[in-house]
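Biologist: Please walk me through this structure. Tell me how each label is earned.

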Amino acid sequence: MSQFLREYLTVFWFAVLALLLAGLLLGISALVRPNKPTAQKLLAYESGVDPIGDGWSQSQVRYYFFALLFVIFDVEAVFIFPWATQLERYGTFGLVEMGIFVFVLLLGLVYAWRKGALRWV
Amino acid sequence: MIAVAVTSTWYLVLAAVLFGIGLAGVMIRRNPLIMFMCIELMLNAVNLSFVTLANHLGDIGGQTTVLFVMVVAAAEVVVGLGIIVAILRRRPGATADDLSELKG
Amino acid sequence: MISALVASDFATPHVDYHALAPEIVLGVGICLLIVLDLFLAESRKWLVSTVAGLILLGAVLPVVTLGVIGSDVRSMFDGRYVIDNFSLVLKALFLLSGYVVVLMSSRDTEERTPYQGEYYTLLLTSIMGMVMMASARDLVSVFVALEFLSIPAYMLAAWRKRDSKSNEAGMKYFLLGVFASAVMLYGMSLLYGVTGSTRLVDIGQAVTGTDHLVGVQVLGIVFVIVGFAFKVSAVPFHTWAPDVYQGAPTPITAFLSVASKAAGFVALSLLVFLAFPAAKSVYEPFLWVLAAVTITVGNLLALKQKNIVRMLAYSSVSQGGFILMPLAVAGTGDARTSLRAVVVYLIIYAATNLGAFAVVMAVSRKTHSGEIASYGGLFNYAPGLAAVMTLFLASLAGIPPFGGWYAKFGAFKAVLEARTGAAYTLAVIAAVNTVVSAAYYITLMREMWMKPAPDGDESPVRVPRNLVAALVITGVATLAFGVLPGFSGYGAITGLAGAFGR
């Protein structure tokens with residue numbers, strides 16, 4: 001067996017252990033607890049409201065703007081993380097560079113804000 | 001278990017297969033959203049290929065490239081979804097074949 | 001511990017601010033435009049187009065000073081970003097054609113869309129991508145520049161949000177553009193795998209098309225070229241071009257068919273001359289086929305078009321084939337002659353095609369139609385427009401003494417200097433096609449000069465001042481490049497263009 005697979009063997013045993021443990025606990029509780037089903041108890045949500053429609057309904061287009069803004073700002077962080085780990089090395093030069101980068105990002109945010117993209121219409 | 005080492009080749013083959021699946025998807029599927037998802041799959045295959053090669057060659061350049069590809073892909077998602085949603089709102093369920101006002 | 005970290009191999013890179021000045025001016029200008037758009041009252045939005053034009057002209061200034069001060073090569077970031085004569089000439093080309101597009105738009109957008117600020121911001125961003133492309137000497141910077149110029153262009157193509165044609169154009173352009181860049185990136189990853197470096201010069205040393213990993217090399221080269229073939233709309237990757245050109249707003253069509261295409265060719269020449277010079281056995285046959293097919297198919301499809309924008313679109317596909325021609329013989333022939341032919345063709349084609357689209361815009365303000373038949377009687381009611389349009393069409397057809405003639409002459413010269421059977425065959429194909437292409441240009445001329453106006457309406461066309469300025473700039477350039485190919489400044493430009501500084 002190669003070293004690579006040997007390392008993954010740990011993961012395998014963890015998975016087996018986790019399954020066994022979960023199965024054991026659920027099994028014991030199934031054996032021990034009393035079983036008296038009523039209509040109310042079998043509802044999907046015990047708060048008592050039946051789900052209406054299916055799970056694939058359309059979501060509001062409003063979420064969309066936020067999703068897009070999130071994607072952009074989330075991904076831009078890709079450039080900030082490597083920079084942050086080596087902050088001291090890059091010195092003033094790096095600080096100024098990152099300042100410009102963040103400034104441009106902020107400009108985008110200000111734009112979105114002024115155009116009302118951040119408002120829940 | 002079979003004793004095999006996972007080498008760079010495996011990842012490169014995986015990247016090629018992913019790229020091929022994406023390519024076939026763009027050719028076959030007609031829903032613009034799914035076509036776009038297939039293109040994203042191709043881009044991710046490229047990323048995998050770059051990272052593997054960077055690791056194999058011991059050169060940081062490939063990994064840097066991946067960062068740029070990821071950011072550009074995100075920008076493309078935002079622009080592309082904007083255009084696709086604009087079309088689908090006007091014509092729900094439009095496929096790439098329905099977009100044929102312009103031809104000749 | 002900390003001191004060990006601080007004393008690392010990181011050295012602050014040398015930044016040559018003078019050399020970067022065009023990009024800096026553009027970058028600051030773009031930020032300024034966004035702010036201006038946010039805080040300007042709706043009634044004063046016209047200011048935005050003026051400012052955009054000024055920013056572009058402001059960015060030309062440092063290009064000129066860099067050109068005047070010296071011909072030394074300014075190289076930054078370990079040779080990954082280079083300002084040499086080649087890039088200076090092209091930067092000037094991109095900035096000036098951008099300026100002409102701004103001139104063409106300022107009337108058009110005022111009438112049709114409320115999104116002035118965004119329009120010019122995106123236009124300038126796209127131009128900035130092109131300016132960066134001219135200096136990029138690394139796979140990563142080529143890729144980033146390409147996306148920088150493409151992503152705003154997708155939005156601009158879909159600009160008329162409520163027009164389903166414009167939507168369709170944007171969608172087609174976007175899907176094919178992203179698809180092409182994915183293919184190109186895969187090719188880049190393969191080339192990187194062969195060479196272990198992303199610098200074009202290093203790739204040029206490792207990619208020889210002969211020894212180890214030759215299959216991967218060939219695949220990498222072909223994929224990268226296919227990616228850019230989409231961008232320059234070479235047949236069989238041209239299908240998006242006519243649809244997008246017809247659906248997009250006309251100034252954007254002009255912009256895409258000139259500047260965006262030129263940027264694609266710049267990238268292609270960078271790769272051919274810097275990254276693949278040793279692999280001519282791989283890229284030459286491929287580009288040969290692309291060039292021959294592009295010229296022929298573009299022409300044949302242009303012949304049967306009834307809509308002027310589609311006709312110009314197919315004509316620009318075919319013109320792209322002529323620009324591919326010198327690249328197809330870049331290895332066997334003289335590299336300098338080929339590069340010079342490409343750059344000269346790009347410059348002249350830019351002036352001519354922008355001019356032709358400016359006329360189309362001016363005429364459609366009256367006729368509101370894109371049909372070729374609607375150009376009947378143009379000479380009677382707008383002799384000036386008919387005359388300039390004839391100038392542009394004659395230049396596109398390559399009739400001496402207009403600019404297009406000199407461009408075609410350069411392309412043929414480069415091909416013939418290769419002195420191989422394949423090169424001669426390509427020259428013959430191109431020559432036949434030049435004659436064929438004259439047919440559809442002359443059809444349009446006959447329509448303008450001989451036919452009566454289709455609806456009998458002969459009231460004069462009111463051409464806005466901006467459009468007149470655009471017509472004058474492009475017309476003078478087209479004429480000057482053809483009539484005075486030998487004048488001193490021009491000789492200097494073409495001489496400069498021939499040399500990649502390394």
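**Two helices in chain C**

Modeller: Helices α3(C) and α5(C) are roughly parallel to each other. This is a predicted model, in which local features need pLDDT of at least 70, side-chain atom pairs count only at pLDDT 80 or more, and totals for chains, interfaces and linings use all residues. Residues are numbered from 1 along each chain as its sequence is written, with chains lettered from A and ligands numbered from 1 in the order in which they are written.

Biologist: Why are α3(C) and α5(C) called roughly parallel?

Modeller: The axes of α3 (residues 46–69) and α5 (residues 116–135) of chain C cross at roughly 15°. Angles under 35 degrees count as roughly parallel, so the pair earns the label. The axes come within 9 Å.

Biologist: Which residues make the contact of α3(C) with α5(C)?

Modeller: From α3(C), Val48(C), Ser49(C), Ala52(C) and Ile55(C). From α5(C), Gln116(C), Gly117(C), Tyr120(C), Leu123(C) and Leu124(C). Contact means C-beta atoms, placed from the backbone, within 7 Å.

Biologist: What makes Tyr345(C) stand out in the largest nonpolar core?

Modeller: Tyr345(C) is one of five residues named as touching the most other members, out of 224 in that core. Helix α14 (residues 335–367) of chain C gives the largest share, 21 residues. Beyond its neighbours within four places in sequence, Tyr345(C) is in contact with Phe322(C), Ile323(C), Ala407(C), Gly410(C) and Ala411(C).

Biologist: How many residues of chains B and C are in contact?

Modeller: 36 residues of chain B are in contact with 35 of chain C. The largest share of chain B's side, 16 residues, comes from α3(B).

Conventions
A nonpolar core is a set of buried Ala, Val, Leu, Ile, Met, Phe, Trp, Tyr and Cys residues joined through C-beta atoms within 7 Å. A residue is buried if 20 or more other C-beta atoms lie within 10 Å of its own, exposed if 12 or fewer, and partly exposed in between; C-beta atoms are placed from the backbone. Helices (H or I, at least four residues) and strands (E, at least two) are DSSP runs, numbered from the N terminus. Two residues are in contact if their C-beta atoms, placed from the backbone, lie within 7 Å. Axes are lines fitted to C-alpha atoms, for helices over the stretch in contact, and angles run from 0 to 180 degrees between N-to-C directions. Angles under 35 degrees count as roughly parallel, over 145 as roughly antiparallel, 65 to 115 as roughly perpendicular and the rest as oblique.
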